[in-house]
Amino acid sequence: MSFLLFFTRYKEHVLKLAHYEYSKETGDWCAYIEAFPGVYAQQNTVEEARQELEEALEGCILLNIAKGLPLPHFEKFSGVEIDSQKYAEMKSRQSKEVYA
């Protein structure tokens, strides 16, 4: 499986775990993912909040991979337990292939 396909599928898997709440105080929709502390969005509509949340999640996933940190819910997503360092190495190899 290519890195991009893996990344997209994992991101979509994690987005299914998102929580959405409407704030009467601000009139905005808030979205967050408990497994990724700090991944949070606040927008006027649910769809805008989801888009912002997706962007924040993408950055967090890529940062975790780059630093060799674990990816929450990865075992449930992949069905196998794989060290996130291997995915960081895979990402590095793919980048070299793309720019070679």
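Tutor: A residue is buried under 20% relative accessible area, exposed over 50% and partly exposed in between (1.4 Å probe, protein chains only). This is a predicted model, in which local features need pLDDT of at least 70 and side-chain atom pairs count only at pLDDT 80 or more, while totals for chains, interfaces and linings use all residues. Residues are numbered from 1 along each chain as its sequence is written, and side-chain values use heavy atoms, with hydrogens and water left out.

Student: In what pattern do the helices and strands follow along the sequence?

Tutor: Helices (H or I, at least four residues) and strands (E, at least two) are DSSP runs, numbered from the N terminus. The protein has 4 helices and 3 strands. Read along the sequence, they give the pattern α-β-β-β-α-α-α.

Student: How many degrees lie between the ring planes of F6 and Y10?

Tutor: Both residues belong to helix 1 (residues 3-15), where 4 residues, about one turn of the helix, separate them. Their rings make one of the 2 aromatic pairs in the structure, where pairing requires ring centres within 6.5 Å (Phe, Tyr, and the six-membered ring of Trp) and planes under 30 degrees apart count as stacked, over 60 as edge-to-face and the rest as tilted. F6 and Y10 are 6.1 Å apart centre to centre and are stacked, with an angle between the planes of 10°.

Student: Why does Y10 count as buried?

Tutor: Its stacking partner F6 is itself buried, because its relative accessibility is 4%. Y10 counts as buried because its relative accessibility is 0%.

Student: Is E12, in the helix that holds F6 and Y10, buried, partly exposed or exposed?

Tutor: E12 lies in helix 1, and, leaving aside residues up to four places away in sequence, E12 touches R50 and E54 (contact meaning heavy atoms within 4.5 Å). E12 and E54 are 42 residues apart along the chain, yet their C-alpha atoms are separated by 8.7 Å. Because its relative accessibility is 31%, E12 counts as partly exposed.

Student: Which residue in strand 2 is the bridge partner of H19?

Tutor: Strand 1 (residues 19-23) and strand 2 (residues 28-32) run antiparallel and are joined by 5 bridges, where pairing of two strands needs at least two DSSP bridges. In the hairpin that they form, 4 residues lie between the strands, and G27 takes a positive phi near 75°. The partner of H19 in strand 2 is Y32.

Student: What percentage of the residues in the protein is buried?

Tutor: The count runs over the 100 residues of the protein, F6 and Y10 being among the buried ones. The buried share of those residues is 30%.
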